Amino acid sequence: MSIASKPAGVEFRNVSRRYGNTAAVDDVSFAIESGTLVTLLGPSGCGKTTTLRMIAGLEMASSGTILIGGKDVTRLPATDRNVTMVFQSYALFPHMTVADNVAYGLVVSGMRKRDAAAKAAEGLELVGLGGYGQRLPSELSGGQQQRVAVARALVLEPEVLLFDEPLSNLDAKLRRKMRDDIRELQQKLGLTSVYVTHDQEEALAVSDRIIVMNRSVIAQTGTPDELYRRPKNRFVADFIGGANLIDGELVGCSGGMATVALGRLTLSVPDPGLPTGEVLLAVRPNAIRLRAGESGGAGGGDGIPVTVRKATYLGSHMEYGLTSEFGDLFVVDPNVANPVPAGASALATFTGDGIAAVAR
Amino acid sequence: MRPRSAVWLALGWVGFALLPWFAGSGTQPAIAPPSPGPAGSALIDGLTSGRWWLLPVALPLLLALAATILPQLRSRQPTILLAGGAFGLAWVAAQGFAIGLNGWAWPWLGALFGPLPLGQGGFGAGAALTSLSFLFLMTNGFAGLGFMKGDRFTAGAIGLVLAAIAAFVFLPVAYVLSGAGDTGTGGFSAAALWTRLAAPDIWRLSCLTEAKSCGVVWNSVFLAVMTGIATTLLGLAFALVAVRTGFRAKKLLRVLTVLPIITPPFVISLAVILLFGRNGTVTLALAEWFGIPASRWIYGLPGVLLTQTLAFTPISFLVMIGVVQGIGPSLEEAAQTLRASRWVTFRTVTWPLMRPGVANAFLISFIESLADFGNPLILGGNFEVLSTKIYFAVVGAQNDPGRAAALGIILLCLCLGAFWVQRQWLGKKSYATVGGKGDNGIPLQLPRGIRIAAYATALPWAAFTFVLYGLILFGGFTENWGRNNSLTLRHYLAAFDLSWGPGGLIWSGRAWGSLFTTIEVAALSAPLTAAVGLLTAYLLVRQRFKGQGAFEFLTMLSFAIPGTVIGISYILAFNQPPIELTGTITILILCFVFRNMPVSIRAGVAAMSQIDRSLDECSLTLGAGSVQTIRRVILPLLRPAIVASLVYSFVRAITSISAVIFLVSPKYELATAYIVGRVEQGDFGLAIAYSSALIVLMSVVIALIQLLVGERRIGRRTATPVTLQEKPV
């Protein structure tokens, strides 16, 4: 006996969840392919957890259709769906041993005690906790409890495995390791996983695709690379990777690239598919370079004059706060050997990559 | 979902076609007891005896059967079950209320449909089972339509709790309301209601102007206010001593809080009589040393006030101790670092934080005092309060249920009013300062003046209380207290004698009968109370459904209904068909279940709120249903609350008096009612002996359970013991 996986796709068709007059999730549609890890990303209150709980069957959709593996499960309660979940608080039963916790789902679905125990042991082995079966959850560290929760969800061989902010109770170092472990396990077993987080870095690190949500609707869906490099709107540009938002003007496009006028400068950005006219430029902090000493003068040509308001030394890079004619800019510069001191004037230039145009 | 609906459907048929529809032996001889077995069932009876109105009950059963069997109706099954169940319930209730022992229950029905040749008795096993089946068919239909997340168990549980509360709390209260407007001929008139409610002996204020007694409402309210003030101050003093001073014997103060739980409420009165009655120790001493003649001053307001203060101070202490402990010490430390002196800190931080709690303690004592029955009954003398007046209106020579009902309405309104104020006003004002974060501060010592005042109030009062309990335990061994103080076992022998006869052991003592009944009733009602209470708590904490706020209010409302009102309402409601229970053991058990349920709910709610909701959600996603989740996850974690509920309901069933004194019958006599009867006969020795035996019994039971269950702790989780502070009287 071994732990297999029976991954299945998930599809939402115009799903809404309303509480009284407010919609927590408003007419959301998406499809998750079998065997992929998809992240629901967004600020708190955006509806991502509600969406996850609707996949689990812990919340019922007010309208719309939910399909898992092509089957309509909209009205099916959690008990009858082949979906398991790793909870933010882990939700380990405090009165049961680790082994009993992992075997719980197997026992209640009618598996023989001995088989359940064997499979639970296997699940614990899989998450690197073999031999911990007889302990109580309270005797484990946070990271170990997390692994038990994952094992408990895995042994049922779910069609979909859900993670509700699984790493938020761990410290930063452990978080990085756990997220790699989860990703590795997911790819090894070929699981369909849906992962909720508000941490964009975590989302970029683990996902095949990301669904960014804001105010109950989907802001954008795409691979991590698409979302970072070609955000479709202001919210996504700002939420993922953080961007300096500068007013510019789209003057024309050809061959997949567009030309944007920014003051005297013209920049080339990926074609946003927008009509010519006013746009918003999202400039990543690492897409700006500082050149010290070259203040103002017309000789600048390819840059804009700025004043350094704040300079912070962070070892691997410098962080600058700049004042310019386009407003305050935030810059991350890898050049730590020759930093520009606060108060100095400088010229800011734009590198080719890391700039995108979005609708204003 | 099919199997479960099918089971209930089958049971519905069993109740309809196989079990006797009517109760076996009512107290009313007018109807012949039903034939045993299928012959007495609604089906046979309806077909053969001319009770045609029973036959429509089959209609929803047939409909549900069709929906379960016929495939083309499958998709509409939930709707059919819902409609059928609702119709079935409505029909059973309607025909039950409309047709009484001798035909139509109300004259206008007879005028409308013509006279009926025969009536019917109260519901029996068949009717009960069929109604239950209808209820669950209905809730299954609800769940099938997607309500309650499609969870049949939750839907069924809500239906069950609501139906039970409707039948055994609100129906009786409705009877009280209609009883108060009874015209004497079976009708209802607002004028009769008004005459009774506005009777001068209830409302007159003549005590202010002349030397007559005031209306009974003013007596009750005055007494309740005085008791409230006295107990709140004493409770506060005790709490300050226990929490904020270096007092050594804090454990002893804790014992004080257990006393009211294990003591029948009127025992304090007996002890006070031993001290201050005409032959009381103090009275005799005063007469001997100072020549003060013995008088009956204790019988009346002073005595009742004294005993109620003694009886309810521990409750107020429990409330206040929570309040005082709830004040985060770091707040006071912060005040001190801001250069406030001890006294200023107390005045500007500690006291304002305690104020809502103090008001709460006052209101609780106020309600307790209004609802108290045993103490005014024994010590009241000519000082009448509402609860005793209700009793005498039913039991005494007057035998005027309408009057009792009117008094009951007034008492009910007073209690509900105080309850409403407590919940609405104080609920929003409390500063619960205990958060999840650790508070490392050290409680501040009290300012000197307050410390001395607290000691000076609390310690003598505690000593007085312990003396009284000592007297009770000792008093049973004296021949005739005050007159002949020689020691004797006579009273204990009279109560608990055993002898050997030809048939073996004979329980020849006079108390055995009532003691066994009491224990039987308590043992039967305790698990039921815990089950209903915890089920309700589960619904309140763990489920979200429409109308939950109203549901919570309904369940808690029954808490504010005074025992006397419950008693009078039960005899008014369950003395006649369709639900005829007087004189049975069932009515006693039901009474206890619904009297003690709110405490069980509170214990369950408190314990369940501490269990993270994600635990049951997790269990659900792992494939366990609601029932399995409850059995495997929630119940094991709730053990402390279950034990608390069981112990509490068991003990309360043994010690309560106010409601059951109306419901006991010669066949089913309860210990407290028996003791009160002895006191009224002047047989103090036996009453005291029996009371002390009960107290000892209760202490042993509680100690045993503590010992057996112990305090099981799960890992780092600390199981907070549930405080038994609610005490319906």
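In this predicted model, helices α12 and α15 of chain B are oblique to each other, because the angle at which they pack, about 125°, falls outside the ranges that count as roughly parallel, roughly antiparallel or roughly perpendicular. Helix α12(B) covers residues 250-262 and helix α15(B) covers residues 301-325, and their axes lie 8 Å apart. The crossing in which α12(B) passes α15(B) is left-handed. On the side of α12(B), the residues that take part are Leu253(B), Arg254(B), Leu256(B), Thr257(B) and Pro260(B), and they meet Ala311(B), Pro314(B), Phe317(B), Leu318(B), Ile321(B) and Gln325(B) of α15(B). Sorted by class, this contact of α12(B) with α15(B) holds 8 nonpolar, 2 polar and 1 charged residues.

Chain B also offers a pair of helices with another geometry. Helix α13 of chain B, residues 267-276, and helix α14 of chain B, residues 281-290, have axes that come within 3 Å and cross at roughly 15°. An angle under 35 degrees counts as roughly parallel, and α13(B) and α14(B) are therefore described in that way. Their contact joins Leu274(B), Leu275(B) and Phe276(B) of α13(B) to Thr281(B), Val282(B) and Thr283(B) of α14(B). Of these residues, 4 are nonpolar and 2 are polar, with no charged residues in the contact of α13(B) with α14(B).

How, then, do α7 and α8 of chain B cross? The axes of helix α7(B), residues 152-180, and helix α8(B), residues 190-197, come within 7 Å and cross at roughly 90°, which makes α7(B) roughly perpendicular to α8(B). Here Leu177(B), Gly179(B) and Ala180(B) of α7(B) are in contact with Ala192(B), Leu193(B) and Arg196(B) of α8(B). The residues of this contact of α7(B) with α8(B) divide into 4 nonpolar, 1 polar and 1 charged.

From the helices of chain B, the view can widen to the place where the two chains come together. There, 24 residues of chain B are in contact with 28 residues of chain A. The size of an interface is often given as the accessible area lost when the parts come together; for chain B and chain A the buried area is about 2200 Å², with 64% of it on carbon and sulfur atoms.

Side chains of opposite charge can pair when their charged atoms come close. Across the interface of chain B and chain A, 1 salt bridge is found, and the side chains of Arg53(A) and Glu617(B) meet in a salt bridge with an N to O distance of 2.5 Å. Over all chains, the whole structure has 16 salt bridges. Within chain A, the side chains of Lys48(A) and Glu165(A) form a salt bridge at 3.8 Å, N to O. This pair links distant parts of the chain, 117 residues apart, since Lys48(A) lies in helix α1 of chain A, residues 48-56, whereas Glu165(A) lies in the loop between β7 (160-164) and α5 (172-189) of chain A.

How values were computed. Residues are numbered from 1 along each chain as its sequence is written. Chains are lettered from A and ligands numbered from 1 in the order in which they are written. This is a predicted model: local features need pLDDT of at least 70, side-chain atom pairs count only at pLDDT 80 or more; totals for chains, interfaces and linings use all residues. Side-chain values use heavy atoms; hydrogens and water are left out. Axes are lines fitted to C-alpha atoms, for helices over the stretch in contact, and angles run from 0 to 180 degrees between N-to-C directions. Helices (H or I, at least four residues) and strands (E, at least two) are DSSP runs, numbered from the N terminus. Angles under 35 degrees count as roughly parallel, over 145 as roughly antiparallel, 65 to 115 as roughly perpendicular and the rest as oblique. A crossing is left-handed if the near helix is turned anticlockwise from the far one by less than a right angle, and right-handed if clockwise. Contact means heavy atoms within 4.5 Å. Ala, Val, Leu, Ile, Met, Phe, Trp, Tyr, Cys and Pro count as nonpolar, Asp, Glu, Lys and Arg as charged, and the others, Gly among them, as polar. Buried area is the accessible area (1.4 Å probe) that two parts lose on being put together, summed over both. A salt bridge is a side-chain nitrogen of Lys or Arg within 4 Å of a carboxyl oxygen of Asp or Glu.
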